[in-house]
Structure formats: structure tokens, C-alpha cells
Amino acid sequence: KRNLYLTDEGYIAPNSTAAEGMSDGDLQARERSHREKLEKLKNPNMFVSMTRLMIRNLPADMTKGQLRVLCTKAVRERATKA
């Protein structure tokens with residue numbers, strides 16, 4: 001099972017309301033990352049993990065504890081919106 005239905009999870013389209021206020025550089029980097037992911041998934045040996053989370057552009061000085069707090073806060077906020 002390749003879980004391809006998760007491919008667009010977290011994707012922010014450049015002309016969406018979620019993209020308002022984002023820098024052009026950030027939007028371009030996200031768009032490039034999305035295209036690279038779709039290209040990799042053309043290979044039938046590649047799949048989308050249901051349990052692995054990719055986080056990019058973290059500050060170099062962020063600790064594991066700070067990252068844990070940040071992720072926990074994000075999950076709680078997302079859970080209360082749904």
C-alpha cells in the first residue's frame with residue numbers, strides 16, 4: 001500500500017488563502033519540494049509513510065525538547081479545529 005492519498009496532505013497552493021503573507025521564496029521552495037515528491041512517487045518502489053513526519057527549515061539551535069513542544073502544540077491546535 002503506497003498511501004498516495006496522503007500526497008497532498010499539508011500542501012499549500014500558491015494562490016490559496018493559506019499562502020497569503022508567505023514570502024515568494026518560501027512558496028517557491030514548497031512548490032519545488034512538492035514537485036520533487038511527485039517525481040519520486042512515479043517510482044512504484046516509493047511510498048508515503050503514514051507515520052513519518054518531515055519537518056524542514058528548523059533553526060539550528062532548536063533542541064529536541066523545543067521541537068517536541070512545538071509539534072505537540074501544533075497537533076493540539078489542529079485537533080481542536082477539526
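In the predicted model, N3 is placed in the segment that precedes helix α1. The relative accessibility of N3 is 8%, and the residue is therefore classed as buried, since burial applies under 20% relative accessible area. When neighbours within four places in sequence are set aside, the contacts of N3 are with V48 and M50. The backbone of N3 adopts a positive phi of about 55°, although N3 is not a glycine.

A positive phi is also found at N57, a residue other than glycine, where the angle is near 60°. N57 belongs to the loop between α1 and α2. With a relative accessible area of 71%, N57 is classed as exposed, because the exposed class begins over 50%. N3, by comparison, is buried at 8% relative accessibility.

The segment before α1 also contains E20. This residue is exposed, its relative accessible area being 61%. E20 and K1 are separated by 19 residues in sequence, and their C-alpha atoms lie 35 Å apart in space. For D24 and P14, which are 10 residues apart in sequence, the C-alpha to C-alpha distance is 9.0 Å. D24 is part of helix α1 and, at 59% relative accessibility, is counted as exposed.

Helix α1 spans residues 24-40. A search of the whole structure yields 2 salt bridges. One of these pairs R30 with D26, with a separation of 3.4 Å between the closest N and O atoms. R30 and D26 are 4 residues apart in helix α1, which means that about one helical turn lies between them. Both partners fall into the intermediate accessibility class, which runs between 20% and 50% relative accessible area: R30 is partly exposed at 36%, and D26 is partly exposed at 25%.

The side chains of E39 and K42 form another salt bridge, with an N to O distance of 3.3 Å. Here the accessibility classes of the partners are as follows: E39 is partly exposed, at 48% relative accessibility, whereas K42 is exposed, with a relative accessible area of 61%. The value for E39 is 48%, and E39 is therefore not assigned to the exposed class, for which a value over 50% is required.

Charge is also grouped on the surface. R32, R35, K40 and R56 together make up a patch of positive charge. Of these residues, R32 is located in helix α1, and R35 is likewise placed in helix α1. R32 has a relative accessible area of 43% and is accordingly partly exposed. This value is compatible with membership of the patch, because patch residues must have over 30% relative accessible area and no salt bridge. The C-alpha atom of R32 is separated by 20 Å from that of S49, the two residues being 17 positions apart along the chain.

A nonpolar patch is present on the surface as well. It is made by L53, I55, L58 and L70 and covers about 360 Å². L58 is situated in the loop between α1 and α2, the latter helix comprising residues 64-81. The relative accessibility of L58 is 37%, so this residue is partly exposed. The loop between α1 and α2 thus holds L58 as well as N57, of which N57 is exposed at 71% and L58 is partly exposed at 37%.

How values were computed. Residues numbered from 1 in each chain as written. Predicted model: local features only at pLDDT ≥ 70, side-chain atom pairs only at ≥ 80, totals over all residues. Heavy atoms only, no water. Patch = residues over 30% accessible without salt bridge, like charges linked within 9 Å, V, L, I, M, F, W, Y side chains within 5 Å. Areas by Shrake-Rupley, 256 points an atom, 1.4 Å probe, with all protein chains shown as cover. Salt bridge = Lys/Arg side-chain N within 4 Å of Asp/Glu carboxyl O. Lys, Arg positive; Asp, Glu negative; His and termini not counted. Charge placed at Lys NZ, Arg CZ, Asp CG, Glu CD. Helix = DSSP H or I, 4+ residues; strand = E, 2+ residues; numbered from the N terminus. Buried < 20%, exposed > 50% of the residue type's maximum accessible area, 1.4 Å probe, protein only. Contact = heavy atoms within 4.5 Å.
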